[in-house]
Amino acid sequence: GWALAAVASDLTLSSSSLAASQCAGVVNYASKLVATGNTFGYAEEFGSVFDQQGEISLIGNQFIDTRYTYTYSYDDGTGNISSTEYSGYGTDIYMYETFDAYIAENTFVNGDNSIVSQYVGATIENNSWTAYDGTLIQSYSADVGDPISVSNNTADDIGGTIVSTYYGAAEVENFEIGTTRAYTYTYTGYYNGEMTYTGTSSYGMPLFEAYGYSYGYYTDTDGDGIAETYVTYSEEAELSLEDIEVDSAYDTVVNVQSSGLEVNNLSAETVGKYGIYATWSSFVPTLEAESIYFGSTGSSALYAAANTFDEATLIVDDFTVDVVTGVGIRAMGFSTVSLSNVTITDATQEGVSISGDYSWYDYGTSTTTVGTRASVNTVSEVMVLGADLDGISVYDGTTTVTGSDASGGWGDGLALLETTASITGNTFTGNAFYGMSCTTVVLNACATNTLSDNALGTHEGCDDACGN
């Protein structure tokens, strides 16, 4: 059962202690709950606080040891029972269609998952989390016009995702994150009450994630037998991150799929996999990343693939990464790419790689469309030092490179392929191949570039006027 329940009423709870409830600590249905200064322990099914279609204000409470082991059982019909216990099912707060939620100045210590919200635009601020194995904030279908708002929080020793939004919107700012680790859970199997196996499973999870839903197909709308109209079905997702500080990310910092993304002032000293990983399918995205710093990343610092049927935009400004295992910035399939004030050192592949390649799946014809988008690429004041492959590589579209430096690498300083380009005022020196290479390239302008001290020469296939 539950410790307390409010139905179509007002409930004020303060300076109390609730724990070990089988259903929920507090059930708030179509009611107004104000809880301050309480201590909540674990509750098995629906969390320490469960709300449906009510209003909740949770201020200055403690949530401690909210862990729960779920048991799945199967009876084969002959009296033999198999069961498996899984750890990691505890929840602090569960909200469903809550009209108003304010969660502030609470302390969360030693739990599985913390806050789950469905169809809720909650405000979550000035809280702290320590020693959690799962996701801290999970949001489902928060309206883009009424997003879940997360601000001025801290977290340390976290095994799961910090903020996750599915088919909705989340705005996150001023979040300080200490160390993170792999998500880990245990499982134990029984047959007729006797233990038959036990084990542990673990894997990395992104710190911030957003997932939208989108698919499309061409259809015949005028009866002429030709499928000429493109129809899409989608659930929007939007993620905004501002002033995020991370000591160490076990896995990826930001992962979005079919979601808009805006990141401003994010730093992470060590990153196990990707800094920012973003992909789209039949969805028209805009990705903006400004004032980004990664000390080291285990995969690409920024990987973005716009596999869409229509235009998509990537804007990056003030982006720095010191050590990259992979490509510093890889952008594919965008109609517009703008990179400025970027510094990338010691990339194990290209420093910057831009191409118009894309593919998207047509659900009407069950076919995959593969193509190349003629992107408009602007690269300004981008510095790539010591890349293991080409410093800057651009394929397709129209390209402008100015005031940039790609030097000391093991490939070409600048590699251009099948693009119309203007290349002026750059430095491409000390590379193992050429300063510049041009393959099927139209040069509208190419001058005042420094192309000295490259092992194979100043350029290959470009123009002597490009520089010396």
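At 4% relative accessibility, Asp112 counts as buried, yet the side chain of Asp112 meets that of Arg67 in a salt bridge. That pair is a handy way into this structure, which is a predicted model. The chain has 47 strands and 0 helices, so expect to meet a lot of strands and loops below, with the cut-off for a strand being a run of at least two residues.

**The chain as a whole**

- The chain has 468 residues, and 50% of them are buried.
- Lined up along the principal axes, the C-alpha atoms fit a box of roughly 80 × 60 × 50 Å.
- About 18,800 Å² of the chain is exposed, with carbon and sulfur atoms supplying 45% of that area.
- Take the contacts between residues at least 6 apart in sequence: 47% of them join residues at least 24 apart.
- On the charge side, the chain carries 6 positive and 61 negative charges, and the mean positions of the two sets sit 7 Å apart.

**Salt bridges**

- How many salt bridges does the chain have? The count comes to 5.
- In the Arg67–Asp112 pair, the N to O distance is 3.0 Å. The two residues are 45 apart in sequence and link distant parts of the chain: Arg67 is in the loop between strands E9 (62–66) and E10, while Asp112 is in the loop between strands E14 (107–111) and E15 (113–118).
- The two partners differ in cover: Arg67 is partly exposed because its relative accessibility is 27%, whereas Asp112 is buried at 4%.
- Arg181 and Asp157 make another salt bridge through their side chains, this one at 2.6 Å from N to O. Asp157 belongs to strand E19 (residues 148–158) and Arg181 to the loop between strands E21 (169–177) and E22 (183–191), so this bridge ties together parts that lie 24 residues apart in sequence.
- Both of these residues count as partly exposed, with Arg181 at 27% relative accessibility and Asp157 at 28%.
- Arg67, Asp112, Asp157 and Arg181 also turn up together, along with Asp133, in a network of salt bridges.

**Glu350 and its surroundings**

- Arg330 and Glu350 form a salt bridge too, with their closest N and O atoms 4.0 Å apart. Here again the pair links distant parts of the chain, 20 residues apart: Arg330 is in strand E34 (residues 329–332), and Glu350 is in the loop between strands E35 (336–345) and E36 (352–355).
- Is Glu350 buried or exposed? Glu350 counts as buried because its relative accessibility is 15%, and buried means under 20%.
- Which residues does Glu350 touch, leaving aside its neighbours within four places in sequence? The list includes Gly326, Val327 and Gly328, as well as its partner Arg330. Ala387, Leu389, Asp390, Gly391 and Ser393 are in contact with Glu350 as well.

**Two residues with positive phi**

- Asp396 isn't a glycine, but its phi is positive, at about 85°. You'll find Asp396 in the loop between strands E40 (392–395) and E41 (398–402).
- With a relative accessibility of 5%, Asp396 counts as buried.
- Glu418 is another residue other than glycine with a positive phi, near 50°. Its place is in the loop between strands E43 (414–417) and E44 (420–424).
- Glu418 is partly exposed, at a relative accessible area of 40%.

**Patches on the surface**

- Which residues make the nonpolar surface patch of about 440 Å²? Tyr70, Tyr72, Tyr74 and Tyr89 do.
- Tyr74 is part of strand E10 (residues 70–75). Its relative accessible area is 48%, so Tyr74 counts as partly exposed.
- There's also a patch of negative charge on the surface, where Asp156, Glu176, Glu245, Asp247, Glu269, Asp322, Asp346 and Asp388 gather.
- Asp322, one of that group, lies in strand E33 (residues 313–324). At 30% relative accessibility, Asp322 counts as partly exposed.

Notes:
Residues are numbered from 1 along each chain as its sequence is written. This is a predicted model: local features need pLDDT of at least 70, side-chain atom pairs count only at pLDDT 80 or more; totals for chains, interfaces and linings use all residues. Side-chain values use heavy atoms; hydrogens and water are left out. Patches are made of residues with over 30% relative accessible area and no salt bridge: like charges are joined within 9 Å, nonpolar side chains (Val, Leu, Ile, Met, Phe, Trp, Tyr) within 5 Å. Accessible areas come from the Shrake-Rupley method with a 1.4 Å probe; for residues, only the protein chains shown count as cover. Helices (H or I, at least four residues) and strands (E, at least two) are DSSP runs, numbered from the N terminus. Buried means under 20% relative accessible area, exposed over 50%, partly exposed in between (1.4 Å probe, protein chains only). Contact means heavy atoms within 4.5 Å. Lys and Arg count as positive and Asp and Glu as negative; His and the chain ends are not counted. The place of a charge is taken as NZ of Lys, CZ of Arg, CG of Asp or CD of Glu.
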